[in-house]
Amino acid sequence: MGDSSGRGAAPELLHYRPWKGAFRPPIAAVWPIARTGLLMLLRRRLFWGLYALSMMIFLMYFFGQYLLAWFQTQAGESRVVVGLLAIHPGELIEILADKLKLNGSAATYRNYIHYQGYMVMIVLALAGSVLIGNDFRYGSLPFYLSKPLSRRHYLLGKGLAVAVFINLLTTLPALALFVEYGLIYSWDHFTRNSYLVAGILAYGAVLTVSLTLILLATAVWLRRTVPLIMTWTALFLLCRQLATSLVDGLHLDPRWRLIDLWNNTWLVGGACLQMGPEAFDPASQPRWVEAALVLGGVSVACLSYLALRLRAVEIVG
Amino acid sequence: MALIQQPRPTAAPQTSLLRAWWFLVLLSWRRQARARQMVWIALGLLAFTTAMTAVATAADLWHRPRFRQLAVADQMMLDALVPGSPAQAVADATFGAAGVAVLTDQSAAQVFARWVVAAIFLGFLLPLWSLSFATEAIGGDREQNSLIWLLARPLPRPMVYLAKFVALLPWTVGLNMGGFALVCAAAGRPGLTALRLFWPAVLCATLAFAALFQLMGAAFRRPAIVAIGYSFFLEIILGNMPGVMKRVSIGFYAHCMMLEAADRHGIQIDRPNVYWPVDGTTAIIVLLTTTVTLLVMGMVVFSRTQYHDSV
Amino acid sequence: MSELSSIAAAGGGNRGVEKEFSRDPKGSAKTSGRSRDPARQLLPTPVLLCQRVSKWYGPVIGVNQVTLELRPGITGLVGSNGAGKSTLMRLITGHVRPDIGRVEVLGRDAWSAAAKRHIGYCPEVDSFYEEMSGRQFIETMARLSGYTSGEARRRTGAVLERVGMSGRAERRLRGYSKGMRQRIKLAQAMLHDPELLVLDEPLSGIDPVGRAEFISLFRDLADQGKCLLVSSHELDELQKLTDHVAVMARGRIAAVGSVAQIRDRLDDHPLTVRVDVARTTEEGGKDRRRELAGALLRLPDVVGVELLDDAPGEEDVGRLLVRARNPRTFFQDLTRLVLEEWFEVRRLQTLDESAEAVLGYLLGGRG
């Protein structure tokens with residue numbers, strides 16, 4: 001501080017010193033925005049509660065695979081006693097491997113991601129209202145937009161945060177299951193079934209792109225928690241139930257299932273994992289290409305809406 | 001020095017708690033209507049469901065599934081039972097005209113009850129509409145930081161909570177019952193049968209859900225998320241659990257009321273030996289008791305909770 | 001009984017407050033603010049009574065052992081952000097409950113609905129029923145207080161007139177300026193003619209003309225026998241309104257009394273200050289701690305200087321404990337000394353939290 005050579009010299013007063021470094025491009029702000037969003041959600045106990053619930057499905061698959069491997073080592077026995085229970089390994093192997101598909105096949109990972117549907121929907125409803133809705137309601141948006149970045153970067157940052165959550169619930173646990181299966185059975189699993197990794201990643205990418213765009217569009221449109229949840233659940237639950245009623249109940253054309261967006265991601269995900277039409281239950285399904293077209297159309301519509309709102313002034317709120 | 005008297009409570013003689021309470025009921029009811037986005041989405045969902053139902057009715061889809069099963073044995077029979085077809089006479093001759101009419105009506109009502117009333121209305125629309133309005137009753141004021149204006153007034157907190165609940169009822173009951181009537185009307189005869197049979201189940205479920213979700217609004221900071229987690233995760237999981245575990249869900253009792261009403265009419269919506277229902281009277285008692293219990297719980301919670309974030 | 005029954009000692013923290021309060025048989029700090037009728041101060045029941053009130057928010061303490069007794073008149077409440085002013089006001093208005101202690105308004109528990117008949121609260125929160133006009137909002141508040149429609153209209157008109165909003169009350173609240181919103185908040189607080197008015201930062205966002213009007217209005221209310229507790233960040237602002245202030249710091253009432261009395265008390269009370277100084281200059285040389293200690297002892301207000309042991313790993317920093325009177329002149333002298341003699345001060349800390357807070361205000365800084 002100051003000139004220390006002379007005791008009587010006038011002190012150099014502290015004053016504002018302008019930043020002399022080089023600013024990074026606005027795109028570099030995307031990750032900090034996403035990171036802030038992630039921290040906002042991770043701070044909430046409700047999120048951890050929902051995540052713990054979603055982990056139940058993961059744990060069922062995780063220990064299911066483990067149990068299957070253990071029972072297969074006992075396959076020679078007619079019955080195995082675990083505590084007070086007498087179990088027939090053959091029957092359990094059949095249930096775990098064939099019925100629940102915990103056999104490390106493409107169906108394992110596709111079904112796992114599909115069963116996460118409810119939790120993904122609920123967590124994303126929370127994420128939408130916290131990440132974007134709150135910014136509008138509490139007027140935090142000007143804080144972002146007063147920095148040298150545009151609304152596009154703001155939405156990219158929020159989208160990145162949403163994408164992380166989607167993958168945290170679906171892709172990452174599915175990859176963990178893949179690794180677990182390989183570690184339990186054989187290293188060959190990793191080389192022989194490497195296409196499954198690509199399939200899981202592709203399925204994750206389909207979910208990430210479509211759900212992120214839909215969530216951003218609905219959150220920017222509705223802003224408040226309850227309307228957002230109503231729309232979000234209508235898209236993923238009402239349409240699903242309606243599709244089931246129309247196709248399974250009233251025996252209409254399977255193409256009616258195309259209104260169920262989660263089912264569409266399931267079909268496209270199955271195709272990513274190289275599964276044939278026979279691997280789908282219920283069997284009356286539209287073709288995966290049709291499902292992909294619907295998802296693509298919805299994503300483009302959401303993107304167009306976002307582009308329109310980005311140009312509009314009122315997004316500033 | 002003489003003491004001055006205590007300042008007199010000037011407001012007391014002219015004020016009435018009951019009058020304030022009733023005004024709060026009206027105010028809350030009006031303010032629910034201000035949540036226009038929510039109302040419009042609710043109406044949009046109703047319009048969508050009604051339109052789909054009307055399309056299904058126009059295509060005579062309610063009769064198809066039952067007769068498709070019959071057609072496994074005899075395709076001609078299916079043809080014969082399509083109203084207005086030339087083979088109708090053959091069917092009439094085979095079963096007798098009255099018998100066919102009864103079979104057709106029951107079949108259609110059963111299909112409508114199972115796939116629209118139980119799956120879509122009770123399974124989705126009713127909880128969603130109830131949670132949307134009920135979580136907003138207290139939760140909306142919390143979210144908008146306007147709860148302070150109610151809590152600063154001399155109304156006891158249980159009365160505030162009760163007023164919010166009473167104000168909520170026209171919306172939830174109106175939307176659920178009115179929406180149910182509209183969807184049933186769009187389904188034609190089977191719909192009217194379903195309306196006559198199932199309106200008590202819809203009403204009781206509405207009351208119980210409204211009380212539950214308003215309680216969530218008083219207890220949680222993000223009641224809508226908690227409510228949606230409960231409705232579409234726990235209700236579905238618990239409601240489909242084997243054995244008696246499902247009896248902790250509200251939907252189970254509404255479903256039991258439906259089953260009994262349908263059974264009296266000769267319709268079977270679900271297999272009793274698998275579903276293990278309780279009788280209709282028990283279901284009504286449980287739902288009404290649950291409503292009152294949840295309401296009292298809500299009053300207690302609201303009376304004791306300090307809303308730091310909203311004041 | 002004197003108009004000001006107690007003044008907290010700045011040097012003793014809350015203990016000091018309790019010590020001073022112990023003069024009163026009830027063990028409470030009594031303040032009766034600006035009131036032209038001294039007899040009102042002899043009311044048998046205080047309008048507001050806080051007895052050793054504490055409030056925690058998780059691990060953070062919002063209000064710590066506050067004891068306060070208010071009678072008709074105006075009392076100012078000053079403190080920095082986070083000092084606990086708003087929490088204390090929420091406790092008084094019954095929006096939150098104390099974890100320990102008791103808050104009573106005219107003998108009733110502040111949490112109860114009965115107490116709210118006697119409380120008018122102008123909160124810091126700036127959310128209204130935005131879709132309403134100012135008049136509709138006030139009338140709604142009147143109806144929620146239980147008045148008939150006619151009476152609500154009459155009272156609404158009267159309070160709007162009183163806060164200077166009668167000509168502008170038909171516009172929607174969402175279009176109001178900050179000052180207009182403050183006026184509406186004040187109007188709803190006065191609506192039911194309460195005995196206790198708790199006003200959280202009522203002057204914030206108001207222009208100078210409006211401030212003068214508000215101050216005049218508050219004085220009128222005090223003259224009518226109302227008890228007003230008015231919070232603010234700015235002591236100067238409150239000084240225009242009342243000579244009776246309570247200074248809050250870190251959840252405690254650090255001092256209660258007139259500003260002059262608090263200043264005098266501070267001047268009389270020795271203050272303990274810790275000074276950490278670099279032992280050597282960059283060129284090396286003498287132990288500068290000893291130099292500073294010597295220089296400090298030559299200052300007229302310094303009572304004593306103690307050389308403290310070095311902290312482990314910080315041998316290059318010398319630590320001193322200074323006891324001084326007349327804090328204002330002491331700090332002026334210290335500043336001059338440091339600049340002239342070029343001591344490299346690493347740390348300067350007042351070891352008494354309450355005194356630090358009060359000083360912060362009296363010297364024009366933060367507490």
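Buried means under 20% relative accessible area, exposed means over 50%, and partly exposed is whatever falls in between, using a 1.4 Å probe and protein chains only. Keep that handy for the exercises below.

We're working with a predicted model, where local features need pLDDT of at least 70, side-chain atom pairs count only at pLDDT 80 or more, and totals for chains, interfaces and linings use all residues. Residues are numbered from 1 along each chain as its sequence is written, chains are lettered from A and ligands numbered from 1 in the order in which they are written, and side-chain values use heavy atoms, with hydrogens and water left out.

**Exercise 1. Work out which class C:Asp193 belongs to, then look at its salt bridge with C:Lys226.**

Step 1: C:Asp193 has 29% relative accessibility, so it counts as partly exposed.

Step 2: Its partner C:Lys226 has a relative accessible area of 9%, which makes that lysine buried.

Step 3: A salt bridge needs a side-chain nitrogen of Lys or Arg within 4 Å of a carboxyl oxygen of Asp or Glu. For C:Lys226 and C:Asp193, the closest N and O atoms are 2.9 Å apart.

Step 4: Now place them. C:Lys226 sits in the loop between α7 (208–223) and β9 (227–232) of chain C, and C:Asp193 in the loop between α6 and β8 (196–199) of chain C, so the pair ties together parts that are 33 residues apart in sequence. (Helices, H or I with at least four residues, and strands, E with at least two, are DSSP runs numbered from the N terminus.)

**Exercise 2. Find the salt-bridge partners of C:Arg181 in the loop between β7 and α4 of chain C.**

Step 1: Start with C:Asp126, whose salt bridge with C:Arg181 has its closest N and O atoms 3.1 Å apart. This pair links distant parts of the chain, 55 residues apart: C:Asp126 is in the loop between β7 (119–122) and α4 (134–144), while C:Arg181 is in helix α6 (residues 178–190) of chain C.

Step 2: Check the cover. C:Arg181 is buried at 8% relative accessibility, whereas C:Asp126 is partly exposed at 31%.

Step 3: Add C:Glu130, which also forms a salt bridge with C:Arg181, this time with the closest N and O atoms 2.6 Å apart. C:Glu130 lies in the loop between β7 and α4 and C:Arg181 in helix α6, so this bridge ties together parts 51 residues apart in sequence.

Step 4: Zoom out. Over all chains, the structure holds 24 salt bridges.

**Exercise 3. Decide how many disulfides there are, and check the cover of two cysteines, A:Cys272 and C:Cys50.**

Step 1: A disulfide is a pair of cysteine sulfur atoms within 2.5 Å. By this rule, the count over all chains is zero.

Step 2: A:Cys272 is partly exposed, with a relative accessible area of 22%. C:Cys50 is buried, at 0% relative accessibility.

**Exercise 4. Describe the phi angles and surroundings of C:Arg52 and C:Trp342.**

Step 1: Recall the background: most residues other than glycine have a negative phi.

Step 2: C:Arg52 isn't a glycine, yet its phi is positive, near 45°. You'll find C:Arg52 in strand β2 (residues 48–57) of chain C, partly exposed at 44% relative accessibility.

Step 3: C:Trp342 isn't a glycine either, and its phi is positive at about 55°. C:Trp342 belongs to the loop between α11 (327–341) and β15 (345–350) of chain C, and counts as buried at 12% relative accessibility.
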